[in-house]
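This report goes through one protein chain, from its salt bridges to its helices, core and aromatic rings. The sequence and structure come first.

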Amino acid sequence: QRGGRWLLFASSWSHLRLIESHLRYAPTVASEPGETDMEFLSRFQAMQKGVGLAVLGGAYAEGIDLPTGVIEGIIIAGLGMPPPHALNKALKKWFDKRLGGGRGRRSRGFDYVFRFPALKRVVQAAGRLIRSADHRGTLILADDRWMKPGQRSLLPMHWLARPCWNITSLQRAL
């Protein structure tokens, strides 16, 4: 059992609420739409241990600077891909037409509209954990799709990947 404070980033507000409803055994502080950085951080830092919940790609994943040691780890639930709404589908089609490439998730358009923005969000969220060269922490990418070669090859090489298929393998990895 690891203590301390953790940040968990979900890919959307609805995903965040679903996760929050399942976290019954740990104190949680969830960010709220429209809440200021200081309001959330004040509530989060008031906990001795627990989980702060925020949306990937939001202000807490990209724009906050936490002092070293405030968090023990970060959990990123999902891939963090932008939603497949009409504009993104049109952009994917435009990139595919201009750049060529495969079909579906193997297309250049998919990379530029979905995969690369998701990777940027994940790396920025992970950056909340490691604030200096000598700091260490745990980053959990809670989605088995990160272990697929097409996704794994995009992550920083120094990130040690350990597949965890259940709670027992996760406890061993920690």
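## Salt bridges

A salt bridge is taken here as a side-chain nitrogen of Lys or Arg within 4 Å of a carboxyl oxygen of Asp or Glu. The structure is a predicted model, and by this rule it has six salt bridges. One of them links R145 and D143, whose closest N and O atoms are 2.5 Å apart. The two partners fall in separate accessibility classes: R145 is partly exposed at 33% relative accessibility, while D143 is buried at 13%. Elsewhere, R17, E20 and E32 are joined into one network by salt bridges that share partners.

Within that network, E20 pairs with R17, with 3.2 Å between the closest N and O atoms. Both residues belong to helix 1, where they are three residues apart, about one turn of the helix. Helix 1 covers residues 13–22. E20 has a relative accessible area of 27% and is partly exposed; R17 is also partly exposed, with 30%. The C-alpha atom of E20 is separated by 9.8 Å from that of L8, which is twelve residues away along the chain.

A further salt bridge joins the side chains of D111 and R115, at 2.7 Å from N to O. Both lie in helix 5, four residues apart, again about one turn. D111 is buried because its relative accessible area, 17%, is under the 20% limit. R115 is buried as well, at 12%. An α-helix has 3.6 residues a turn, so residues three or four places apart point the same way.

## Overall fold

The chain contains seven helices and five strands. Along the sequence, these elements follow the pattern β-α-β-α-β-α-β-α-α-β-α-α. The chain has 174 residues, and buried residues make up 38% of them.

## Helix 2

Helix 2 runs over residues 37–46 and holds both F40 and F44, four residues apart, about one turn of the helix. The buried residues F40, L41 and F44 are found in this helix. Viewed down the helix axis, the buried residues fall within an arc of 95°, so they line one face of helix 2. M38 and A46, on the other side of the helix, are exposed.

F40 has a relative accessible area of 0%, and F44 likewise has 0% relative accessibility.

## Nonpolar core

In soluble globular proteins, nonpolar side chains tend to be buried together. In this model, the largest nonpolar core has 28 residues, and those with the most contacts inside it are L7, F9, F44, I71, I74 and I76. At least two residues of this core come from each of strand 1 (5–10), helix 2, strand 4 (73–77) and helix 5. Helix 5 gives the largest share, eight residues.

F44 thus ties two parts of this account together: it belongs to the buried set of helix 2 and is among the core residues with the most contacts.

## Aromatic rings

A pair of aromatic rings is described by the distance of the centres and the angle of the planes. Rings of Phe, Tyr and Trp count as a pair if their centres lie within 6.5 Å, and by this rule there are five aromatic pairs. F40 and F44 form a stacked pair, with 6.0 Å between the centres and 10° between the planes. Both are buried, as their relative accessible areas are 0%.

W94 and F95 form an edge-to-face pair, at 5.1 Å centre to centre and 80° between the planes. W94 is partly exposed, with a relative accessible area of 42%. W94 and F95 are joined by Y112 and F116 in one aromatic cluster.

## Surface patch

Which residues make a nonpolar surface patch of about 260 Å²? The patch is made by L99, Y112 and F116. Y112 and F116 are also members of the aromatic cluster with W94 and F95. Y112 is placed in helix 5, which spans residues 108–126. Its relative accessible area of 38% makes Y112 partly exposed. Helix 5 therefore carries a partly exposed residue of the patch, Y112, along with the buried salt-bridge partners D111 and R115 and eight residues of the largest nonpolar core.

Terms used. Residues numbered from 1 in each chain as written. Predicted model: local features only at pLDDT ≥ 70, side-chain atom pairs only at ≥ 80, totals over all residues. Heavy atoms only, no water. Phe/Tyr/Trp six-rings, centres within 6.5 Å; stacked < 30°, edge-to-face > 60°. Buried < 20%, exposed > 50% of the residue type's maximum accessible area, 1.4 Å probe, protein only. Arc of directions from axis to C-beta. Patch = residues over 30% accessible without salt bridge, like charges linked within 9 Å, V, L, I, M, F, W, Y side chains within 5 Å. Areas by Shrake-Rupley, 256 points an atom, 1.4 Å probe, with all protein chains shown as cover. Core = buried A, V, L, I, M, F, W, Y, C linked by side-chain atoms within 4.5 Å.
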